Amino acid sequence: MVLPNFLIIGAAKAGTSSLYYYLQQHPQIYMSPVKEPKFFALEGEPLDFQGPDQGINRTSRTSLAAYSELFQEVSDQIAIGEASPIYLYSPKAATRIKHYLPNVKLIAILRHPVDRAFSSFAHLVREGYETLSFAEALREEPTRIQRKWAPLFYYKQQGFYYEQLKRYFDIFERSQLKLYLYEELAANSTAVVQDIFRFLGVDDKFTPDLSRKNISGVPKSRLVYSLFNRDNPIKSALKPLFSEQLRRTIAERFDKQNLGAKPILSPEDRQDLIKLYKEDIFKLQDLIQRDLSHWVT
């Protein structure tokens with residue numbers, strides 16, 4: 001049975017989709033064809049998440065047999081991995097990973113918790129799943145958690161990184177964990193990706209296509225957006241006729257034409273959340289030995 005030897009554990013909305021795409025291009029790296037199998041967060045648990053987006057119930061792997069099937073095409077790749085940002089947030093993932101993969105290499109990207117929260121909100125507005133304002137959604141969050149909505153709706157809760165990351169620091173050697181800030185990935189993707197290549201023991205001279213960027217905004221036409229970004233019969237029929245790269249290029253061009261202005265975070269909401277996160281940010285700063293003072297201003 002082949003299992004991964006590295007994992008991208010989070011955080012959600014911190015560049016993990018782009019990083020998955022970058023690493024997937026390397027000939028010495030095998031990435032799970034399902035980007036977020038979530039096995040170590042949801043092993044053995046019923047997939048009965050509620051709320052408007054229940055994609056987590058369709059794509060998650062909760063048994064070792066189903067999870068291992070994702071890696072059956074591995075051949076001679078050196079690094080074998082997957083990216084499930086829920087692993088950072090999940091209270092159970094770290095110990096499960098330690099049980100199955102004690103020598104695994106872990107990659108985490110941390111984004112300013114307020115920016116991360118609002119980015120997640122804006123993403124779900126774009127997808128048509130979020131109908132409340134940001135302030136209203138924050139007030140509704142405890143009820144959504146109680147009703148077992150998917151964790152991607154936990155805008156505020158997912159931003160308390162200290163306890164989340166400490167679970168990994170407590171049971172893994174620090175040499176097994178590579179930690180980056182989102183602003184580092186955004187400012188110099190090449191340097192970060194090459195550093196990860198070295199961490200994984202693959203050729204760091206390989207240059208992936210780093211042009212892929214997530215496009216934000218609210219669709220002017222839900223029909224056009226769904227045609228290119230959701231599974232549907234037309235999309236399935238056209239898939240064999242075009243390469244993945246060409247399909248992505250076409251979708252990105254239509255998205256640029258179809259997406260309107262994205263939501264704007266109010267200064268008041270931003271300051272309220274910074275106050276909420278301030279203590280956690282300083283504890284995180286001590287834990288990771290990185291200056292995060294710019295996150296509290």
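**Asn57 and some helices in a predicted model**

Me: Is Asn57 buried or exposed in this predicted model?
Reply: The relative accessible area of Asn57 is 17%. Buried means under 20%, so Asn57 counts as buried.

Me: Which helix holds Asn57, and which backbone oxygen does its side chain reach?
Reply: Asn57 is found in helix α3, which covers residues 55-59. Leaving aside neighbours within four places in sequence, Asn57 is in contact with Leu47, Asp48 and Phe49. At 3.0 Å, the side chain of Asn57 reaches the backbone oxygen of Phe49.

Me: Why is helix α1 described as largely enclosed by the rest of the structure, and which of its residues are buried?
Reply: Helix α1 spans residues 16-24, and 7 of its 9 residues are buried, so the rest of the structure largely encloses it. The buried residues in α1 are Thr16, Ser18, Leu19, Tyr20, Tyr21, Tyr22 and Leu23.

Me: Are helices α7 and α15 parallel, perpendicular or oblique to each other?
Reply: The axes of α7 (residues 113-127) and α15 (residues 267-288) come within 9 Å and cross at roughly 130°. Angles of 65 to 115 degrees count as roughly perpendicular and those over 145 as roughly antiparallel. The crossing angle therefore makes α7 oblique to α15.

Me: Which residues of α7 and α15 meet, and how many in the contact are nonpolar?
Reply: From α7, Pro113, Val114 and Asp115 take part, and they meet Arg270, Leu273, Ile274, Tyr277 and Ile281 in α15. By class, this contact of α7 with α15 has 2 charged residues and no polar ones, and the nonpolar residues number 6.

How values were computed
Residues numbered from 1 in each chain as written. Predicted model: local features only at pLDDT ≥ 70, side-chain atom pairs only at ≥ 80, totals over all residues. Heavy atoms only, no water. Buried < 20%, exposed > 50% of the residue type's maximum accessible area, 1.4 Å probe, protein only. Helix = DSSP H or I, 4+ residues; strand = E, 2+ residues; numbered from the N terminus. Axes fitted to C-alpha atoms, helices over the stretch in contact; angles between N-to-C directions. Parallel < 35°, antiparallel > 145°, perpendicular 65-115°, else oblique. Contact = heavy atoms within 4.5 Å. Nonpolar A, V, L, I, M, F, W, Y, C, P; charged D, E, K, R; others polar. Polar contact = N/O pair within 3.5 Å; in protein donor to acceptor, adjacent residues only side chain to side chain.
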